[in-house]
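The following paragraphs lead through one structure, beginning with how two helices meet and going on to its aromatic rings.

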Amino acid sequence: MAPWALLNPGVLVRTGHTVLTWGITLVLFLHDTALRQWEEQGELLLPLTFLLLVLGSLLLYLAVSLMDPGYVNIQPQPQEEAKEEQTAMVPPAIPLRRCGYCMVLPLRARHCRECRRCVRRYDHHCPWMENCVGERNHRLFVAYLALQLLVLLWGLYLAWSGLRFFQPWGLWLRSSGLLFATFLLLSLFSMAASLLLASHLYLVASNTTTWEFISSHRIAYLRQHPGNPFDRGLTRNLAHFFCGWPSGSWETLWAGEEEEESSGQAA
């Protein structure tokens, strides 16, 4: 591998996240926080639990950022055969969506300019992950947000436990300045993670994506319906997202909603 390949955005972002994660953890251990006090008192269960949670959040981050988010496969076959095969997979009631790079798009897929690929059930391209969030990794992305928020809130408590404000300014700055900066950083990250987790849980509960929620007025298959054609109710939406049940293609679900609307209008 060429040395300059190590300078691509994905490697830099993931390396930065890893260094920042373990750097903040080290600051919490080196200062006089509850974490260090537990360690000195021989109560190792809580420090070890915290370290395992940090490690788990980092592994989830790397898994989401490195895995295939659900790229639409481009088969190396003659163009006419590929068009016929892909077109046959789409029910007649559904208007065909074409991509200038990936030919016929499945329903809810979108071409990502950063990844230069079409992604199934595209949610968004996450710059902090340097990867898309789509059909295959959205579930892990939500799990990562929940675990990361837990770690951040615990870290926020630990940082606050080590701050001592009744000291001369110069002494306090030398002894607690870095810990206070860590506290502010954790506060910022906690608010961001909370907003992201809350918004994605709302989207999951209504079976929609960030892209569909923001751009519904520009998406052809959503403009044809007054509501969300993929919403099957809270319980079924959550069961499908987290457990894959009930199964079925988005095209079939969309076509079913279209038939129900047509029959209702005819009646």
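Two residues are in contact when heavy atoms of theirs lie within 4.5 Å. In this predicted model, such contacts join His138, Arg139 and Val142 in helix 5 to His240, Phe241 and Phe242 in helix 9. Sorted by class, the residues of this contact are three nonpolar, two polar and one charged. Helix 5 covers residues 138–161 and helix 9 residues 234–243; their axes come within 8 Å and cross at roughly 95°. The two helices, helix 5 and helix 9, are therefore roughly perpendicular to each other.

Aromatic rings form another set of links, with nine aromatic pairs in the structure. In one of them, the ring centres of Phe50 and Trp154 are 5.3 Å apart and the planes stand at 75°, so this pair is edge-to-face. Because Phe50 belongs to helix 3 (residues 45–66) and Trp154 to helix 5, the pair ties together parts that are 104 residues apart in sequence. Both Phe50 and Trp154 are buried.

Another pair consists of Trp160 and Phe183, with ring centres 5.4 Å apart and planes at 45°, so it counts as tilted. Trp160 lies in helix 5 and Phe183 in helix 6 (residues 169–205), so parts 23 residues apart in sequence are tied together. Trp160 is partly exposed, its relative accessible area being 49%, whereas Phe183, at 15%, is buried. Ring pairs also connect Trp160 and Phe183 with Phe165 and Phe180 in a cluster.

Charged side chains meet rings too. Arg108 lies over the face of Phe230, 4.1 Å from the ring centre, and Arg117 lies over the face of Tyr71, at 4.4 Å from the ring centre.

Notes:
Residues are numbered from 1 along each chain as its sequence is written. This is a predicted model: local features need pLDDT of at least 70, side-chain atom pairs count only at pLDDT 80 or more; totals for chains, interfaces and linings use all residues. Side-chain values use heavy atoms; hydrogens and water are left out. Axes are lines fitted to C-alpha atoms, for helices over the stretch in contact, and angles run from 0 to 180 degrees between N-to-C directions. Helices (H or I, at least four residues) and strands (E, at least two) are DSSP runs, numbered from the N terminus. Angles under 35 degrees count as roughly parallel, over 145 as roughly antiparallel, 65 to 115 as roughly perpendicular and the rest as oblique. Ala, Val, Leu, Ile, Met, Phe, Trp, Tyr, Cys and Pro count as nonpolar, Asp, Glu, Lys and Arg as charged, and the others, Gly among them, as polar. Rings of Phe, Tyr and Trp (its six-membered ring) pair if their centres lie within 6.5 Å; planes under 30 degrees apart count as stacked, over 60 as edge-to-face and the rest as tilted. Buried means under 20% relative accessible area, exposed over 50%, partly exposed in between (1.4 Å probe, protein chains only). A charge sits over a ring if NZ of Lys or CZ of Arg is within 6 Å of the ring centre and within 35 degrees of the ring normal.
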